[in-house]
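The exercises below ask you to read strands, helices and rings from a protein model. Work through each task with the structure in view before you turn to its solution.

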Amino acid sequence: MTIQASVTYIGNATTLLRLGGFTLLTDPAFRPAGSRYHLGYGAWTKRVLDPAVGLGDLPPLDAVLLSHLHSDHFDSAAGRGLAPDLPILTTPQAGRKLRRKRFSAAHGLPTWENRDMSRGRQRLRVTAVPGRHGPGVVDRLLPDVMGSVVELFEDEVCRLRLYVTGDTLHRPMLAEVPRRCGDIDAMLIHLGGTRLLGMLLTMDARQGADLTEVIRPRLTLPIHHEDFAVFTSPVGDYFAAARDRGLAGVQPIGRGDTVTLPLRTEAGA
């Protein structure tokens with residue numbers, strides 16, 4: 001049977017990944033437009049767009065991939081609606097907090113460690129990769145964040161390597177992702193240029209183009225750029241920066257739309 005892989009964009013950093021026989025949900029946030037989200041230290045933001053899909057409309061899930069435990073990435077709707085025994089792959093810090101709440105299968109992955117799941121001839125591997133949410137010492141005041149490299153194997157041949165950046169700024173350490181994990185086929189890049197008190201907390205257009213130039217995936221899809229009032233960097237600026245640098249494979253993904261991810265041949269080429 002021919003395997004397929006796709007991503008459906010639900011909103012903010014929430015996507016549905018269908019990777020061969022596996023289905024993953026990333027950074028689940030399902031409260032409607034107009035909802036206020038607490039970001040810590042007295043800071044709030046308002047959601048301005050509804051998620052494209054409701055939590056109750058999702059197919060059965062194999063796991064949740066959670067970059068960090070901010071409310072706009074794991075909100076109260078997800079906290080109430082997700083099954084308590086659903087595996088959640090996240091940072092060790094977030095894993096501890098989620099297990100104390102009710103999510104018994106939350107599993108923290110230290111940087112560069114991985115977790116596998118298998119189904120028949122297919123195997124899915126999730127590797128935690130570095131992320132840094134804030135500049136300098138400010139990062140210590142924010143939740144730990146991780147990126148993820150998700151690899152789909154068929155008969156032990158890698159058919160897809162997907163990089164989900166998480167809420168990180170572009171830093172030199174991210175060049176280690178392709179060096180350690182191998183060439184990246186597709187990237188979901190968290191953008192938006194989130195600013196609080198004037199500080200940049202997620203990649204803006206320039207940083208996003210910098211990282212895309214370093215990673216050089218076959219396909220890059222920008223997410224996390226339009227749902228909240230704290231976003232300051234329009235996604236159009238990122239596309240313009242990518243064009244100016246001649247970066248190939250950068251394309252939009254609309255809310256509610258599904259994009260096919262580029263699989264390698266069975267020979268792994």
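**Exercise 1.** In which sense do strand β12 and strand β13 pair, and over how many bridges?

*Solution.* Keep in mind that the model is predicted. Begin by locating the two strands, β12 at residues 157–164 and β13 at residues 186–190, and then follow their directions, which shows that they pair in the parallel sense over 3 bridges. As a check on one position, look at Tyr163, whose bridge partner in β13 is Met187. Next, place this pair in its wider setting, an open sheet of 6 strands with mixed pairing and the order β9-β10-β11-β12-β13-β16. The edges of this sheet are β9 (114–119) and β16, and because each has a single partner strand, one side of each is left without a neighbour in the sheet. From one strand to the next, the twist averages 15 degrees.

**Exercise 2.** Find which strands helix α4 lies across, and describe how α4 crosses helix α5.

*Solution.* First, compare α4 with the strands: the helix lies across β12, β13 and β16, and runs at about 160 degrees to β13. Second, turn to the pair of helices. Two packed helices are described by the angle between their axes and the distance between the axes. For α4 (residues 205–215) and α5 (residues 235–244), the axes come within 8 Å and cross at roughly 40 degrees, which makes α4 oblique to α5. The crossing of α4 past α5 is right-handed. Third, list the residues that meet, namely Ala205, Gly208, Ala209 and Thr212 from α4, with Asp237, Tyr238 and Ala241 from α5. Sorted by class, this contact has 4 nonpolar, 2 polar and 1 charged residues.

**Exercise 3.** Give the strand order of the open sheet of 7 strands, and identify the strands at its edges.

*Solution.* Reading across the sheet, the order is β8-β7-β6-β3-β2-β1-β17, and the pairing is mixed. At the edges stand β8 (106–108) and β17 (258–260), each with a single partner strand, so one side of each has no neighbour in the sheet. Neighbouring strands here are turned against each other by 25 degrees on average, direction ignored. Within the sheet, β3 (residues 22–26) and β6 (residues 63–65) pair in the parallel sense over 3 bridges, and Leu24 stands opposite Ala63 in β6. Finally, add helix α2 (residues 92–101), which lies across β7 (88–90) and β8 and runs at about 155 degrees to β8.

**Exercise 4.** What kind of aromatic pair do Tyr37 and Phe228 form, and why does the pair tie together parts 191 residues apart in sequence?

*Solution.* A search of the whole structure finds 4 aromatic pairs. The rings of Tyr37 and Phe228 are 4.9 Å apart from centre to centre, with 85 degrees between their planes, and the pair is edge-to-face. Tyr37 lies in strand β4 (residues 36–40), whereas Phe228 lies in the loop between β16 (219–223) and α5, so the pair ties together parts that are 191 residues apart in sequence.

Terms used. Residues are numbered from 1 along each chain as its sequence is written. This is a predicted model: local features need pLDDT of at least 70, side-chain atom pairs count only at pLDDT 80 or more; totals for chains, interfaces and linings use all residues. Side-chain values use heavy atoms; hydrogens and water are left out. Axes are lines fitted to C-alpha atoms, for helices over the stretch in contact, and angles run from 0 to 180 degrees between N-to-C directions. Helices (H or I, at least four residues) and strands (E, at least two) are DSSP runs, numbered from the N terminus. Angles under 35 degrees count as roughly parallel, over 145 as roughly antiparallel, 65 to 115 as roughly perpendicular and the rest as oblique. A crossing is left-handed if the near helix is turned anticlockwise from the far one by less than a right angle, and right-handed if clockwise. Contact means heavy atoms within 4.5 Å. Ala, Val, Leu, Ile, Met, Phe, Trp, Tyr, Cys and Pro count as nonpolar, Asp, Glu, Lys and Arg as charged, and the others, Gly among them, as polar. Two strands pair if DSSP finds at least two bridges between them. Rings of Phe, Tyr and Trp (its six-membered ring) pair if their centres lie within 6.5 Å; planes under 30 degrees apart count as stacked, over 60 as edge-to-face and the rest as tilted.
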